Amino acid sequence: MSTPLPPFPKRQERSDEPVLMELTSPGEVPQLRADAARNRARLLEAAARLVEEHGVAKVTMEAVAAAASVGKGTVFRRFGDRTGLLMALLDHTEQRFQTAFMSGPAPLGPGASPVERLHAFGCRALRETSEQLDLYLAAEPDASRRFNAAPYRVRFMHVCMLLRQVGPPADTELLAQTLMGYLEPALVHHLTRQRGMSLQRLESGWHDLVDRSIRPLSV
């Protein structure tokens, strides 16, 4: 069984940034014993090698256990299921992205206007997703968990905060969900690999969507 997700953080004030959250449950890794932490790192290294050498489709709990020379039960105990394992592989990318939009240089980070930050946020999210699209798709939680997953909640809260700084929309949360929908890995896959659209076209579409969405708020 997967480790339960932490409660949704309290709503932030207009000037606050969301709290940095890992894809895996916050606090899990620092609390591990030294030997458990080493085992976790070894399992993730084995999984990363499998991705690099054979692709995400070949990354199973059994394959990771064999590559790391441990029992299959060890992998299940550490990550819960395959989705948990793949999400742990994305931790580094997600932590780096979160740090960039919370405290990095403008225009993605603080120091630019909320509109500029929204534009930069979506373009960076599209690039991150495009670069590791297979992994993002494979790690996508099922419908019952997708919108409660820690990384989605952090991104969603950030977009809500920026929209509130632009102006008082009728429903910030629904508008934020609309914008977030454009960045979904499944849609990026459909548009780039099935429809043949370039990443540049998707970024241009994001700029247009943001401008059309925030125009009534900034009047």
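Here is a short chat between a student and a tutor about the predicted model above.

Student: What should I know before I start, and how many helices and strands does the protein chain have?
Tutor: This is a predicted model, so local features need pLDDT of at least 70, side-chain atom pairs count only at pLDDT 80 or more, and totals for chains, interfaces and linings use all residues. Residues are numbered from 1 along each chain as its sequence is written, and side-chain values use heavy atoms, with hydrogens and water left out. Helices (H or I, at least four residues) and strands (E, at least two) are DSSP runs, numbered from the N terminus. Along the sequence the pattern reads α-α-α-α-α-α-α-α-α-α-α, and the count is 11 helices and 0 strands.

Student: How much of the protein chain counts as buried?
Tutor: Buried means under 20% relative accessible area, exposed means over 50%, and partly exposed is in between (1.4 Å probe, protein chains only). The protein chain has 219 residues, and the buried part is 47%.

Student: Is Thr-129 buried or exposed?
Tutor: Start with its place: Thr-129 sits in helix α6, residues 114–131. Contact means heavy atoms within 4.5 Å, and leaving out residues up to four places away in sequence, Thr-129 touches Tyr-136, Leu-183, Pro-185 and Val-188. Its relative accessible area is 1%, so Thr-129 is buried.

Student: Which element gives the largest share of the largest nonpolar core?
Tutor: A nonpolar core is a set of buried Ala, Val, Leu, Ile, Met, Phe, Trp, Tyr and Cys residues joined through side-chain atoms within 4.5 Å. The largest one has 35 residues, and Phe-121, Leu-126, Val-159, Leu-163 and Trp-206 have the most contacts inside it. Two or more residues each come from α5 (91–103), α6, α8 (150–166), α9 (172–181), α10 (185–194) and α11 (199–218). The largest share, 9 residues, comes from α8.

Student: What does Leu-126 touch?
Tutor: Leu-126 is among the residues with the most contacts inside the largest core. Skipping residues up to four places away in sequence, its partners are Tyr-182, Leu-183, Val-188, Leu-199, Leu-202, Glu-203 and Trp-206.

Student: How many residues are in the second, separate core?
Tutor: Look for Ala-47, Val-56, Leu-90 and Leu-135, which are included in it. The second core has 23 residues.

Student: Are α8 and α9 roughly parallel or oblique to each other?
Tutor: Two packed helices are described by the angle between their axes and the distance between the axes. Axes are lines fitted to C-alpha atoms, for helices over the stretch in contact, and angles run from 0 to 180 degrees between N-to-C directions. Angles under 35 degrees count as roughly parallel, over 145 as roughly antiparallel, 65 to 115 as roughly perpendicular and the rest as oblique. With an angle of about 120 degrees and axes 9 Å apart, α8 and α9 are therefore oblique.

Student: By class, which residues make up the contact of α8 with α9?
Tutor: Residues including Tyr-152, Phe-156 and Leu-163 in α8 meet residues including Leu-175, Ala-176 and Met-180 in α9. Ala, Val, Leu, Ile, Met, Phe, Trp, Tyr, Cys and Pro count as nonpolar, Asp, Glu, Lys and Arg as charged, and the others, Gly among them, as polar. Sorted that way, the contact has 9 nonpolar, 2 polar and 3 charged residues.

Student: How are α1 and α4 placed relative to each other?
Tutor: Helix α1 (residues 34–54) and helix α4 (residues 82–89) pack with their axes 10 Å apart, at an angle of about 90 degrees. Arg-40, Leu-44, Ala-47, Ala-48 and Val-51 of α1 make the contact with Leu-85, Ala-88 and Leu-89 of α4, and these divide into 7 nonpolar, no polar and 1 charged. Given the angle, α1 and α4 are therefore roughly perpendicular.

Student: Is Ser-69 buried or exposed?
Tutor: Ser-69 is in the loop between α2 (61–68) and α3 (72–79). Ser-69 has a positive phi of about 60 degrees although it is not a glycine. Its relative accessible area is 65%, so Ser-69 is exposed.

Student: Where is the peptide bond that is cis?
Tutor: Check the loop between α5 and α6, where Pro-107 lies. With omega near 10 degrees, the cis bond runs from Ala-106 to Pro-107.
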